[in-house]
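Subject: Structure handover and notes

Dear colleague,

I am passing on the structure we talked about, together with some notes on what was found in it. Please have it open while you read.

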Amino acid sequence: MNILEKTTAHVRAEAVRVVRGDRVVLDNLSVTVSAKSRLAVVGQNGSGKTTLLRVLAGLTEPDQGTVHRAGTLGVAEQELEPGGDATVATLVADAIRPAQRALEMLDAALETVESAPETYALALDLATRLDAWDAERRVDVALEALGACTDRNRRLATLSVGQRYRVRLACVLGAVYDLLLLDEPTNHLDAAGLAFLTERLRQHDGGVLVVTHDRALLNDVAEEFLDLDDEPRLYAGGYAGWQEGRARDRERKQQVYDAQQAEHRRLAGAVDEARGRLTTGWRPDKGTGKHKRQTRAPGVVQALRRRQEALAAHRVTLPPPPRPLRWPPSDTRAGAPLLDAQDVTVTGRLSEPVSVRLEGGDRLLVTGPNGAGKSTLLSVLAGVLTPSSGTVRRLGDARVGYLAQEELSAAARLSPGQQRRRHLEEILAARPDVLILDEPTNHLSATLVDELTAALPSAAATVIIATHDRRMLSDLERWPVLRIGGVIFR
């Protein structure tokens with residue numbers, strides 16, 4: 001396709017199937033992202049959201065089905081490998097290269113404008129559509145707004161997972177693409193970064209597909225929802241339409257599943273009953289003739305076979321409903337001293353001394369901008385990191401459970417969301433007295449985050465949370481707050 005030609009941007013997947021090992025991740029799935037789409041892909045962890053995004057972006061080939069793409073795609077995946085000697089400048093150069101090419105083509109067309117005015121007009125139109133003259137400045141604005149590294153010479157390998165992601169996201173948002181495909185874009189963003197992202201997506205002239213757990217972003221941006229739980233289903237009507245439609249569908253599926261289970265139990269019981277008659281129930285009373293026993297036996301056998309065939313023919317067509325988050329009961333005693341940190345600092349990471357004393361049942365919300373030291377403080381409280389000054393004491397043999405912000409294994413066959421859910425469940429199963437959660441909504445599905453938030457008020461354990469998640473901040477607005485890099489205690 002000629003780069004100067006206009007095209008109606010879209011990505012269309014038809015009857016896509018993806019298999020990983022012995023598991024079917026996506027099956028017979030069709031979806032279109034158009035230039036006007038505001039589509040959210042949602043579902044339980046492991047339902048295939050990231051796989052679908054990668055298929056649409058051309059990063060993963062489906063085992064069956066076709067994908068047609070037209071126009072330019074801006075893609076931000078969940079994870080970005082360091083890439084050897086790649087630097088921030090490498091990503092910036094990739095982002096602005098289409099704009100630079102457009103300007104080069106415009107300069108070349110200018111030299112032949114008299115003999116080929118149509119070519120010049122097309123080149124000018126392309127440069128205007130890309131706003132090519134302002135490309136690098138837009139990336140700089142996005143880097144600053146997302147709190148990303150602005151040092152062009154900085155090697156990506158020296159940046160944290162979150163810092164690398166913010167650089168990549170800034171480059172995607174700063175460039176001009178027809179369609180944006182974003183995987184968990186709110187991970188690693190603070191309040192300012194979230195506000196910039198939301199506004200940028202609202203203003204985007206093209207289509208948007210977003211895979212996200214962030215309920216506030218879903219509510220603010222998405223107009224349609226592709227829910228991949230069980231069988232894929234498209235919901236219109238924005239966030240409210242998705243919530244209402246999903247609730248109706250899940251209630252209906254639960255009723256059908258319960259009815260199928262009840263029928264399966266009834267048929268299994270009929271088989272057991274018939275088998276019992278085969279061994280004992282068909283035997284006539286003492287003294288009854290042998291010929292009568294022989295006459296009745298085939299009928300009992302046939303009855304058993306009929307019931308066995310009915311049981312074998314019956315199918316439970318729906319999978320079990322999603323397993324809710326398990327929060328085992330805790331024996332943490334309310335008001336018992338558990339954790340005492342005094343004047344804690346960490347050189348280069350937490351410069352402001354912090355003191356916290358917590359008892360059984362206490363709640364603490366830790367907030368502040370990226371880089372202020374929230375994760376550092378939580379690592380110190382969890383006993384993972386030794387402070388440069390100050391002391392941290394666990395009192396009464398307190399058990400501490402710690403969910404770090406990023407503990408994902410590239411070698412694992414599970415998705416990031418599945419890994420994080422499993423880690424959270426393992427922590428809860430240990431029944432901690434002090435539960436420390438660093439950005440707990442990262443990678444988790446919106447449904448699971450709802451379950452986690454709903455369980456917090458009744459938890460006996462002391463709970464410490466650091467989060468930028470706007471919906472969770474709203475849900476926990478009554479909690480005491482420790483702000484790092486600003487006002488101290490509320």
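The notes below go from the whole chain to its sheets, then to a helix pair and two single residues.

This is a predicted model, in which local features need pLDDT of at least 70 and side-chain atom pairs count only at pLDDT 80 or more, while totals for chains, interfaces and linings use all residues. Residues are numbered from 1 along each chain as its sequence is written, and side-chain values use heavy atoms, with hydrogens and water left out.

Overall picture

The protein has 13 helices and 17 strands, where helices (H or I, at least four residues) and strands (E, at least two) are DSSP runs numbered from the N terminus. Of its 490 residues, 46% count as buried, buried being under 20% relative accessible area, exposed over 50% and partly exposed in between, with a 1.4 Å probe and protein chains only. Among contacts (heavy atoms within 4.5 Å) with a separation of 6 or more, 70% are between residues 24 or more positions apart.

The sheets

One open sheet consists of 5 strands in the order β14-β15-β16-β12-β17, with parallel pairing; two strands pair if DSSP finds at least two bridges between them. Its edge strands, each pairing on one side only, are β14 (400–403) and β17 (481–483), and neighbouring strands are turned by 15° against each other on average, direction ignored. For this and the other angles, axes are lines fitted to C-alpha atoms, for helices over the stretch in contact, and angles run from 0 to 180 degrees between N-to-C directions. Between β14 and β15, which run parallel, there are 4 bridges, and Gly 401 has Leu 435 in β15 as its bridge partner. Helix α10 (residues 374–382) packs on this sheet, where it touches β12 (363–367), β14, β15, β16 (462–466) and β17, and its direction makes about 155° with that of β15. Helix α11 (residues 416–429) lies across β14 and β15 and runs at about 170° to β14.

A further open sheet has 3 strands in the order β11-β10-β13, and here the pairing is antiparallel. The edge strands are β11 (350–359) and β13 (389–394), each of which pairs on one side only, and the twist from one strand to the next averages 10°. Strand β10 (residues 337–346) is joined to β13 by 5 bridges in the antiparallel sense, with Leu 339 standing opposite Arg 394 in β13. Helix α10 also lies across β10, β11 and β13, running at about 135° to β10.

Strand β7 (residues 207–211) has 5 of its 5 residues buried. Gly 207, Leu 209 and Val 211 lie on one side, and Val 208 and Val 210 on the other, so that both faces of the strand are covered. In the parallel sense, β7 pairs with strand β3 (residues 38–42) over 4 bridges and with strand β6 (residues 179–183) over 5 bridges. In these pairings Arg 38 has Val 208 as its bridge partner, and Asp 183 stands opposite Val 211.

A helix pair

The axes of helix α2 (residues 88–111) and helix α3 (residues 117–129) come within 9 Å and cross at roughly 155°. The two helices are therefore roughly antiparallel to each other, a term that applies to angles over 145 degrees, whereas those under 35 count as roughly parallel, 65 to 115 as roughly perpendicular and the rest as oblique. Where α2 and α3 meet, Ala 102, Leu 103, Met 105, Leu 106, Ala 109 and Leu 110 in α2 face Thr 119, Tyr 120, Ala 123, Leu 124, Leu 126 and Ala 127 in α3 as contact partners. The residues of this contact divide into 11 nonpolar, 1 polar and no charged, with Ala, Val, Leu, Ile, Met, Phe, Trp, Tyr, Cys and Pro counted as nonpolar, Asp, Glu, Lys and Arg as charged, and the others, Gly among them, as polar.

Two single residues

Ser 445 is placed in the loop between β15 (434–438) and α12 (446–455), and it counts as buried because its relative accessibility is 4%. Leaving aside neighbours within four places in sequence, Ser 445 is in contact with Gly 43, Gln 44, Asn 45 and His 213.

Tyr 235 is found in strand β9 (residues 233–235) and, at 8% relative accessibility, counts as buried. Tyr 235 and Glu 224 are 11 residues apart in sequence and 5.7 Å apart in space, C-alpha to C-alpha. Not counting residues up to four places away in sequence, Tyr 235 touches, among others, Phe 225, Trp 242 and Arg 246.

With best regards
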